[in-house]
Amino acid sequence: MKAVGTCGKLRQLNISGSSNIGDEGLHNLITGIIWENMKNNNAMIGLKEADDTLTKKEEGFKHLVEFRMSSTKINSEGAMIKFCNACPNLETLDMNGFVPLGETGINMICKSLPKLRICLINFTDKISEPYLLELYQAYPDVKFVRTIVAHSDPKDNALRVPFPKIPGKKKGKKKKKKK
């Protein structure tokens, strides 16, 4: 993830379904940005190695417009807020299945993303329906999409329409031809 963090010109980033990416992976993504910027700054002033102090505000993923992170093992909304602070031009944010997301977290994320247009927040049961209505009013340009609040059945795959049965040909006994 640190290597991806050095790619500041990414426009889309999809880590959905990555069961190996957790808080540390998101942290490495952010520190990859910081590490690359420190390396460039130190190279300009003649230092051979990067030190651990930051001298200026980092640019982050200034070109990133779409981030999808549904069904990952990220357990900290604080890490998500830090990541969103590094992405000022983010327009689409998919946080489906981000269970730790609460009301204060979604509010801080929306404040840090002035260009946000679509926010997917299915399976976020810590955000109440009345608060979601307040978000609609506070951010009228953002389309919040939440159709399913919580998992009701762990075996439910969210497919509501059963597969149609395809009529097949009936297999019958074949008549033997007489010679």
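Here are four short exercises with worked solutions on the predicted model above.

Residues count from 1 along each chain as its sequence is written, and side-chain values rest on heavy atoms, without hydrogens or water. Local features need pLDDT of at least 70 and side-chain atom pairs pLDDT 80 or more, while totals for chains, interfaces and linings use all residues.

**Exercise 1. Lay out the elements**

Task: find how many helices and strands the protein has, and in which order they run.

Solution. Start with the definition: helices (H or I, at least four residues) and strands (E, at least two) are DSSP runs, numbered from the N terminus. The protein then shows five helices and five strands. Walking from the N terminus, you meet α-β-α-β-α-β-α-β-α-β.

**Exercise 2. Assemble the sheet**

Task: work out the strand order of the sheet and name its edge strands.

Solution. Two strands pair if DSSP finds at least two bridges between them. The five strands form an open sheet with parallel pairing, in the order β1-β2-β3-β4-β5. Its edges are β1 (12-14) and β5 (143-145), each of which pairs on one side only. For a closer look, take β3 (residues 92-94) and β4 (residues 118-120), a parallel pair with three bridges. Here Leu93 stands opposite Cys119 of β4.

**Exercise 3. Follow helix α3**

Task: list the buried residues of α3 and find the side-chain contact at its start.

Solution. Buried means under 20% relative accessible area, exposed over 50%, and partly exposed in between (1.4 Å probe, protein chains only). In α3 (residues 77-85), the buried residues are Ala79, Met80, Ile81, Phe83 and Cys84. Now step to the helix start: a side-chain oxygen of Ser76 comes to within 3.3 Å of the backbone nitrogen of Gly78. For the whole protein, buried residues make up 37% of the 179 residues.

**Exercise 4. Classify an aromatic pair**

Task: decide why the pair of Phe67 and Phe83 counts as tilted, and say where its two residues sit.

Solution. Rings of Phe, Tyr and Trp (its six-membered ring) pair if their centres lie within 6.5 Å; planes under 30 degrees apart are stacked, over 60 edge-to-face, and the rest tilted. The structure holds two aromatic pairs. In one of them, the ring centres of Phe67 and Phe83 are 4.4 Å apart and the planes make 40°, so the pair is tilted. The pair links distant parts of the chain, 16 residues apart: Phe67 belongs to strand β2 (residues 66-68) and Phe83 to helix α3. Finish with accessibility: Phe67 counts as buried because its relative accessibility is 0%, and Phe83 counts as buried at 0% too.

Note on methods. Polar contact = N/O pair within 3.5 Å; in protein donor to acceptor, adjacent residues only side chain to side chain.
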